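Here's a quick walk through this model, from a helix crossing out to the whole chain. Have the structure open as you read.

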Amino acid sequence: MTAFGLKKIIDKFEESGSFDVKCGRGRKTIASTTMEDVATAFQEASSSALGKFSVRGISRTLDMAVSTVRKILQNILQCYPIKITHIQELVSGDLPKRMEVENAWAWNILWTEEAHLHLQGSANTQNRKIWARQNPFKMQPLPLHSQKVTVWCGFTAAFIIDPFFFEEIGPSAHVTCTVNGTRYESLLHNQLIPALQQRGCVDSTIFYTRWLSSAHCNTSEADVESAFWK
């Protein structure tokens, strides 16, 4: 505490004989007429086509602080700001077009994903939570460069492509390597395409992947298409 702050406390005690808040200070009660004015403005604005309005617009109209309008809306009227969700507009001709699509196409989508599996058993904090009444402040020490394996897998509704491990032959054993565009394209040519040819479903399979992921940043869409459609 600064000397100026300490002096203010001493002056307050000498003046009132107490450290309590002085009479008349603190949060003021919102008048009932003010709440009625905000409720009326809210009801009028909500009757528009989209049911939207501006808190700042009401504050300007009523000559009232923005914070006061927000307090009345949230604490008294129990109203909260909600975003509008945009969806695709469907016209009368869209439904027949959807019915013409073959229903089996979804079964032919080949979903792909790769993941890092750490050998020391670290927990993924994104999808693993601890449910407790109090925070246990659980910590798990991790090495700077932990041993891990990188595995790729592809699957459809009918079958699963055998997992493929990204690794190279080291001096003494197999070593996990980074997934880049060159290795990913090699996976498509040497692993995925032969597996689909063996099942006789290359032409009917719809290939799905995440084009903008960092793992495939060096592999262009044209490279993947050339590997997949040859």
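Let's start where two helices meet: H3 passes H4 in a right-handed crossing (left-handed if the near helix is turned anticlockwise from the far one by less than a right angle, right-handed if clockwise). Helix H3 (residues 55-62) and helix H4 (residues 66-76) pack at an angle of about 115°, and their axes lie 9 Å apart. Axes here are lines fitted to C-alpha atoms, for helices over the stretch in contact, with angles running from 0 to 180 degrees between N-to-C directions. Val55, Arg56, Ile58 and Ser59 of H3 make the contact with Val66, Val69, Arg70 and Leu73 of H4, contact meaning heavy atoms within 4.5 Å. Sorted by type, the residues of this contact are five nonpolar, one polar and two charged. For that split, Ala, Val, Leu, Ile, Met, Phe, Trp, Tyr, Cys and Pro are nonpolar, Asp, Glu, Lys and Arg charged, and the others, Gly among them, polar.

A word on ground rules: this is a predicted model, so local features need pLDDT of at least 70 and side-chain atom pairs count only at pLDDT 80 or more, while totals for chains, interfaces and linings use all residues. Residues are numbered from 1 along each chain as its sequence is written, and side-chain values use heavy atoms, with hydrogens and water left out.

Helix H4 is also home to Gln74. Leaving aside residues up to four places away in sequence, Gln74 touches Cys79, Tyr80 and Pro81.

Over in helix H1 (residues 3-16), Asp11 and Lys7 sit four residues apart, so about one helical turn separates them. They form a salt bridge, with the closest N and O atoms 3.0 Å apart. With the cut-off set at a Lys or Arg side-chain nitrogen within 4 Å of an Asp or Glu carboxyl oxygen, the count comes to one salt bridge.

Both residues in the table are partly exposed, between buried (under 20% relative accessible area) and exposed (over 50%), using a 1.4 Å probe and protein chains only.

| Residue | Relative accessible area |
|---|---|
| Asp11 | 33% |
| Gln74 | 31% |

Zooming out, the chain has seven helices and six strands, taken as DSSP runs (H or I, at least four residues; E, at least two) numbered from the N terminus. Of its 230 residues, 21% count as buried. As for confidence, the chain averages a pLDDT (the predictor's confidence in each residue, from 0 to 100) of 76, and 78% of the residues score at least 70.
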